[in-house]
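Visitor: I have a structure to study and would like to talk it through. May I ask questions as they come to me?
Guide: Certainly. Let us look at it together.

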Amino acid sequence: MKIGIDFGTSYSAAAAVIDGEVRTVRFGEERQFRTTVYFPEAVPDPDKFELDDAMEAEVDGLVRSARAEQSRNPGQARRSDIELRRDAVRAVRRQWLERQVREARASAASLQNAVYGEEAVEAYLAEGFGNLVQSPKSMLGYQLAPHVRQTIVGIAGYILEHIRLSASQQFGANVRAAVLGRPVQFRSSMGAAGGDQALEILREAAASAGFDQVDFLEEPVAAALGHHAGSAQRHRALVVDIGGGTSDVTLAEVGGAQAPRVLGSWGIARGGVDVDLALSLSRFMPLFGKGATRVPAHHFVEAATVHDVIRQRDFQRRDAYREVPEPFGPRLIALQDTGNTTRLSRAVEAAKIELSSHERNCAALDYIETGLTQDVLAPDLSAAAEGFLGFLTELLGEVAAQIGEPPQVVFLTGGMSRAPYVRAAAQRCFPDAQLVAGDPSLGVVSGLAFAALDANKDSAAALGVS
């Protein structure tokens, strides 16, 4: 059986078309779950590496072998004993990390100990130890040290295995194949190479999760396929899919008896997490001394970027706030306590959501300081969203300039499509188009489910399933 999987930055979902109907996979009572996993066992920490007697013996053996190799090849450049030992220690450390990852996977990845979604966040906050990984998708396209890459592959594999087993149990079939959604452009520090790396990681993770076959389809194209399935009349639609990490656009001819035809796709690596970060830095981090102390600005970015495990680790290990004047120093130290950056991130996200339909949000921060609160107003959200809206408006403007004939419909999907300022931006760019609000959570996964249908092979191939 083949299913569609929307592996999202913020939320993930899965579905299949059965007897002509899209059936979403249930995760508990929900049709999607937060892309978060909690391991009671901590993910291996490379900083805990120490040579024991056995590893010292391994290092000595590698050094002796390297010396012997140099003796057999006198024409090669000679390397000092210090250089040979340094390389030997690196090799032993790499083997140690690989063993640690295998052992962690054996203990936690039976899925008996791992917890997913909102329950993962609650378990982490309740237990106060272990490892919480949020939004691993946002890290796939970045330069990763080998051991970090291996850890990310493992975490993505846990999540995909959770989806596969949930689908198999619900549908009563052995799910071994999937069409996996992908953004037009991954968040990346390496350009196009970052996108290639992201797909490689997802393929490895899917294989480790028990999938024998995985195809990829751009997420806005999948949303176009879902919109096509529900449209009786042929029309020219611009699908705008705005999620947590990326914003993607596809122009397609959809509806009616003909197969959908994709005319072009565009994307930027910007999304809801950028609004969260801007709101956190502008309205919450001043409570911790941003702009009022000499604490470097990047410390506050580290604290606010909860989906980046490296930045989170750097912030939590800093011993630099005891000399920061009150009340900021004690608050920063409290923010370093296990789970508190996650609590703050949830408060920021809740404020963003509430302020999309209300004028005021009051966040309680008792876990930082008794009685501490922060009021956030609708204009604060508007100001925080300005940077993201600038990128989105520029993207939509480029699309409008390239496509010539305007679309008849602008179809909005993705979690951020709920935001009124996003809808207003789309309407400003395409004033004559009918604005259609698709399902913000399931618009993409429905199309992926149709793409997974064997009967739709020709249609899916035309749309770019690869």
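**A helix in the interior**

Guide: Helix H6, residues 219-229, is largely enclosed by the rest of the structure, because 10 of its 11 residues are buried. Please keep in mind that this is a predicted model.

Visitor: Which residues of H6 are buried?
Guide: The buried residues in H6 are Glu 219, Pro 220, Val 221, Ala 222, Ala 223, Ala 224, Leu 225, Gly 226, His 227 and His 228.

Visitor: What does Thr 413 touch, leaving out residues up to four places away in sequence?
Guide: Thr 413 touches Ala 223, Val 240, Asp 241, Ile 242, Asp 439, Pro 440, Gly 443 and Val 444. Ala 223 is one of the buried residues of H6.

Visitor: Where does Thr 413 lie, and is it buried or exposed?
Guide: Thr 413 lies in strand S15, which covers residues 409-413. Its relative accessible area is 1%. Buried means under 20%, so Thr 413 counts as buried.

Visitor: Let me step back to the whole chain. How many helices and strands does it have?
Guide: The protein chain has 15 helices and 16 strands.

Visitor: And what share of the residues is buried?
Guide: Of the 466 residues, 52% count as buried.

Visitor: How does the radius of gyration fit a compact globule?
Guide: A compact globule of 466 residues would have a radius of gyration near 23 Å, and the protein chain has 25 Å, which agrees. The C-alpha trace spans about 75 × 60 × 45 Å along its principal axes.

Visitor: What about contacts between residues far apart in sequence?
Guide: Among contacts with a separation of 6 or more, 71% are between residues 24 or more positions apart.

Visitor: What is on the surface?
Guide: The accessible surface comes to about 21,000 Å², and 48% of it belongs to carbon and sulfur atoms.

Visitor: How many charged side chains are there, positive and negative?
Guide: There are 47 positive and 59 negative side chains in the protein chain. The centres of the two sets lie 4 Å apart.

Visitor: Back to single residues. Where is Ser 441?
Guide: Ser 441 is in the loop between strand S16 (434-437) and helix H14 (443-451). With a relative accessible area of 17%, Ser 441 is buried.

Visitor: What does the side chain of Ser 441 join up with?
Guide: A polar contact of 2.9 Å joins the side chain of Ser 441 to that of Arg 418. Leaving out residues up to four places away in sequence, Ser 441 touches Asp 6, Gln 32 and Arg 418.

Visitor: Is Glu 369 buried, partly exposed or exposed?
Guide: Glu 369 counts as partly exposed, at 29% relative accessibility. It is found in the loop between strand S13 (360-364) and strand S14 (373-377).

Visitor: Which residues does Glu 369 touch, beyond those up to four places away?
Guide: Glu 369 touches Pro 327 and Arg 331. Glu 369 and Pro 327 are 42 residues apart along the chain, and their C-alpha atoms are separated by 9.3 Å.

Visitor: Is the peptide bond from Glu 326 to Pro 327 cis or trans?
Guide: That bond, from Glu 326 to Pro 327, is cis, with omega near 0°. Pro 327 has its place in the loop between helix H9 (309-317) and helix H10 (328-335).

Visitor: What about Leu 332, in helix H10? What does it touch?
Guide: Leu 332 touches Phe 288, Val 295, Phe 300, Phe 315 and Tyr 321, not counting residues up to four places away in sequence. Leu 332 is buried, with a relative accessible area of 1%.

Visitor: And how far is Leu 332 from Arg 86?
Guide: Leu 332 and Arg 86 are 37 Å apart in space, C-alpha to C-alpha, and 246 residues apart in sequence.

Visitor: One last topic, backbone angles. What is phi of Asp 19?
Guide: Phi of Asp 19 is near 55°, a positive value in a residue other than glycine. Ser 135 is not a glycine either, and has a positive phi of about 50°.

Visitor: Where are Asp 19 and Ser 135?
Guide: Asp 19 is in the loop between strand S2 (11-18) and strand S3 (21-24). Ser 135 is in the loop between strand S7 (131-134) and helix H4 (146-171). Asp 19 is exposed, with a relative accessible area of 77%, whereas Ser 135 counts as buried at 11%.

Key:
Residues are numbered from 1 along each chain as its sequence is written. This is a predicted model: local features need pLDDT of at least 70, side-chain atom pairs count only at pLDDT 80 or more; totals for chains, interfaces and linings use all residues. Side-chain values use heavy atoms; hydrogens and water are left out. Helices (H or I, at least four residues) and strands (E, at least two) are DSSP runs, numbered from the N terminus. Buried means under 20% relative accessible area, exposed over 50%, partly exposed in between (1.4 Å probe, protein chains only). A polar contact is a pair of N or O atoms within 3.5 Å; within protein, one must be able to donate a hydrogen and the other to accept it, and residues adjacent in sequence count only if both atoms are side-chain atoms. Contact means heavy atoms within 4.5 Å. The radius of gyration is taken over C-alpha atoms; the globule rule is 2.2 Å times the number of residues to the power 0.38. Accessible areas come from the Shrake-Rupley method with a 1.4 Å probe; for residues, only the protein chains shown count as cover. Lys and Arg count as positive and Asp and Glu as negative; His and the chain ends are not counted. The place of a charge is taken as NZ of Lys, CZ of Arg, CG of Asp or CD of Glu.
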